[in-house]
Amino acid sequence: AVVSTQSGHYGRESKGESKDNKVLVVGAVNVDILCTKHEEITIGKDLAQGNIQHVMGGVGRNVAECLAKQGIKCALISVVGDDNLGRLALECCKESGMDTTRIVAQPGASTPVAQLTIKDGDVLEGICNFSAHSHLAPSLIPEADIASSRFVVLDCDTPVQTGLYVAESCSRLSVPLILEP
């Protein structure tokens, strides 16, 4: 369910404010599980010593958080699962100052999670489940939101049809588009 259906609403906007300082971000929100190994896992040994840390991630979320921390009004369009991790991710996004009224909690989908194993600062392996992100459809991105934005940032992990819709809409509406690979 969409938290708000009010097109062009970007949270703390005041009357008379132009679109020149509003940014729309389209992309992923996920929970990263960072596992730092302190020893090697050997055959026959079930566990290795290390640290496990949960952090909010997703390219779209990361970009929106950085913009919000710089005092730039931004809205994030994304999808999370209708689950505990999705509620946690949504709360963390709200706390960072971005507009979250376009983040959808998708029933039946799991909030995207990326588990990364790290040793000596390098990622050794990663496992991810981005099922909710596959529901980020063009229908969730009102053209009015694109039209009222100074520019749009598109996470290139967005489903292809959605990315094409955003790119074509930005072109047609003369709104600059920044691709985040």
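How many residues does helix α2 have, and how far apart are its end C-alpha atoms? Let's start there, and keep in mind that what we're looking at is a predicted model. Helix α2 covers residues 84–95, so that's 12 residues. At 1.5 Å a residue they should span 16 Å, and the end C-alpha atoms are 17 Å apart, which agrees.

Now, who's tucked away in this helix? G86, A89, L90 and C93 of α2 are buried. Those buried residues cover an arc of only 100° around the axis, which puts them on the same side of α2. Turn to the face pointing away from that buried side and you'll find N84 and E95, which are exposed.

So what sits over the buried side? The cover for the buried residues of α2 includes strand β3 (50–57), helix α1 (59–69), strand β4 (73–81) and strand β5 (99–106). And as you leave α2, look for G97, which follows the helix and has a positive phi, near 100°.

Okay, on to the sheets. One of them is an open sheet of 5 strands, and reading across you get β5-β4-β1-β8-β9, with parallel pairing. The edges are β5 and β9 (177–180): each has a single partner strand, so one side of each is left without a neighbour in the sheet. On average, neighbouring strands here are turned by 15° against each other, if you ignore direction.

How does our first helix sit on this? α2 lies across β4 and β5, and it runs at about 175° to β5.

Let's move over to the β9 edge. Strand β8, residues 151–155, pairs with β9 in the parallel sense, over 4 bridges. If you want one pair to click on, take L154, whose bridge partner in β9 is L179. Helix α4, residues 160–173, packs on the sheet here, touching β1 (22–26), β8 and β9, and its direction makes about 160° with that of β8.

We can run the length check on α4 too. It has 14 residues, which at 1.5 Å each should span 20 Å, and its end C-alpha atoms are 20 Å apart, which agrees. Which residues of α4 are buried? They are T162, G163, V166, S169 and C170. Looking down the axis of α4, the buried ones fall within an arc of 135°, so they line one face of the helix. On the other side you have V160, Q161, S171 and R172, and those are exposed. The buried residues pack against β1, helix α3 (143–147), β8 and β9. Right after α4 comes S174, with a positive phi near 55°.

Last stop: the other sheet I want to show you. It's open as well, with 4 strands in the order β3-β2-β6-β7 and mixed pairing. β3 and β7 are the edge strands, each pairing on one side only. The twist averages 20° from one strand to the next. In this sheet, β2 (residues 30–37) and β6 (residues 113–119) pair in the parallel sense over 6 bridges, and L34 has L116 as its bridge partner in β6.

One residue to finish on: L124, which lies in β7, residues 122–129. Leaving aside residues up to four places away in sequence, L124 touches K37, T117 and K119. K37 is 87 residues from L124 in sequence, yet their C-alpha atoms are 9.7 Å apart in space. That's my tour, thanks!

Note on methods: Residues numbered from 1 in each chain as written. Predicted model: local features only at pLDDT ≥ 70, side-chain atom pairs only at ≥ 80, totals over all residues. Heavy atoms only, no water. Helix = DSSP H or I, 4+ residues; strand = E, 2+ residues; numbered from the N terminus. Expected span 1.5 Å × (residues − 1). Buried < 20%, exposed > 50% of the residue type's maximum accessible area, 1.4 Å probe, protein only. Arc of directions from axis to C-beta. Contact = heavy atoms within 4.5 Å. Pairing = 2+ DSSP bridges. Axes fitted to C-alpha atoms, helices over the stretch in contact; angles between N-to-C directions.
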